[in-house]
Amino acid sequence: MNVKRINYPDTHQISVDEWLKLLFEETSNSAMVDIPVFYGVDSNDFYRCQIDWDIKKYETILEKYRMHYANIKKIALFLDGLQNMDKSSKQILDNEDLAKFWDTYIRPFDSSGFDMERISHINEHIEAGENISEEDNNYHKLYVESIYSEVEKRIGKRYCTYELIMRSVRLCQLMSVGAPEIIILNEARELATAMLIYEYGVSCKRVNEN
């Protein structure tokens, strides 16, 4: 299969606007493209996908991204209170639209019914490339299925739905703790990529080529 691959720019300082413009220029006339999963990281993980967009859709996704980013930035100011949830999100944010955004993209997933300490322990073994028992594997699968089911309820069943929510969450957390601008910028580009694939992806799968 002849697949075009997006290469990283020479600098990690490239703005999200410039990143989306680069993706548009490289993918608008291509059948299949590989878009890096982790911007600026030496990784073999790519989103191999077909993107259906034109100049009008490019302008639309750029505006959607800016609004999405602005909402995350506003919510980050109230993140501690929202996580404690001693009041409703609508009371804390004092804005119905922001409260709806929080419930859709930032609010933690419902983990009731699961032992999160056990899930965390299993994740550590998986990330370390270690074998886990069949019982733990089945338990972890149930947890993952519950998360993806909630993702689907929030934003539908499309490409990069989970990534879109998790990038939104991570960016909000980074803003909340005052992370360095370069780290926020890197995460913002990841969010923009997930939004693009979510909005206009015709086909997409995550691949790793060593």
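**Note on pockets and the cavity**

1. In this predicted model, the second largest pocket is lined by Lys64, Met67, His68, Asn71, Phe101, Tyr105, Leu164, Met195, Tyr198 and Glu199. Two or more of these lining residues come from each of α2 (55-76), α5 and α9, and α2 provides the largest share, with four residues.

2. The space in the second largest pocket amounts to about 220 Å³, and its lining, sorted by class, comprises six nonpolar, two polar and two charged residues.

3. The largest pocket, for its part, has a volume of about 1000 Å³, and among the 33 residues that line it, those closest to its centre are Phe109, Ile147, Tyr148, Tyr162 and Met166. Two or more lining residues are given by each of α3 (79-84), α5 (96-106), α6 (116-127), α7 (134-155), α8 and β4 (201-208).

4. Which element gives the most to the lining of the largest pocket? That element is α8, with eight residues, while the lining as a whole divides into 20 nonpolar, five polar and eight charged residues.

5. As for enclosed space, a search of the whole structure returns one cavity of 30 Å³ or more, and the space in the largest cavity is about 30 Å³. The residues lining this cavity are Val37, Tyr47, Glu163, Arg167, Glu190, Thr193 and Ala194, which by class are three nonpolar, one polar and three charged.

6. Both α8 (161-176) and α9 (181-200) supply at least two residues of the cavity lining, with α9 giving the most, namely three residues. Thus α8 appears in the linings of the largest cavity and of the largest pocket, whereas α9 contributes to those of the largest cavity and of the second largest pocket.

Note on methods:
Residues are numbered from 1 along each chain as its sequence is written. This is a predicted model: local features need pLDDT of at least 70, side-chain atom pairs count only at pLDDT 80 or more; totals for chains, interfaces and linings use all residues. Side-chain values use heavy atoms; hydrogens and water are left out. On a 1 Å grid over the protein atoms alone, a cavity is a set of points where a 1.4 Å probe fits but cannot get out, and a pocket is an open set with protein on both sides within 12 Å along at least five of seven lines; lining residues have an atom within 4 Å of a point. Grid points are joined across faces, edges and corners, and a volume is the space filled by probe spheres set on the points. Ala, Val, Leu, Ile, Met, Phe, Trp, Tyr, Cys and Pro count as nonpolar, Asp, Glu, Lys and Arg as charged, and the others, Gly among them, as polar.
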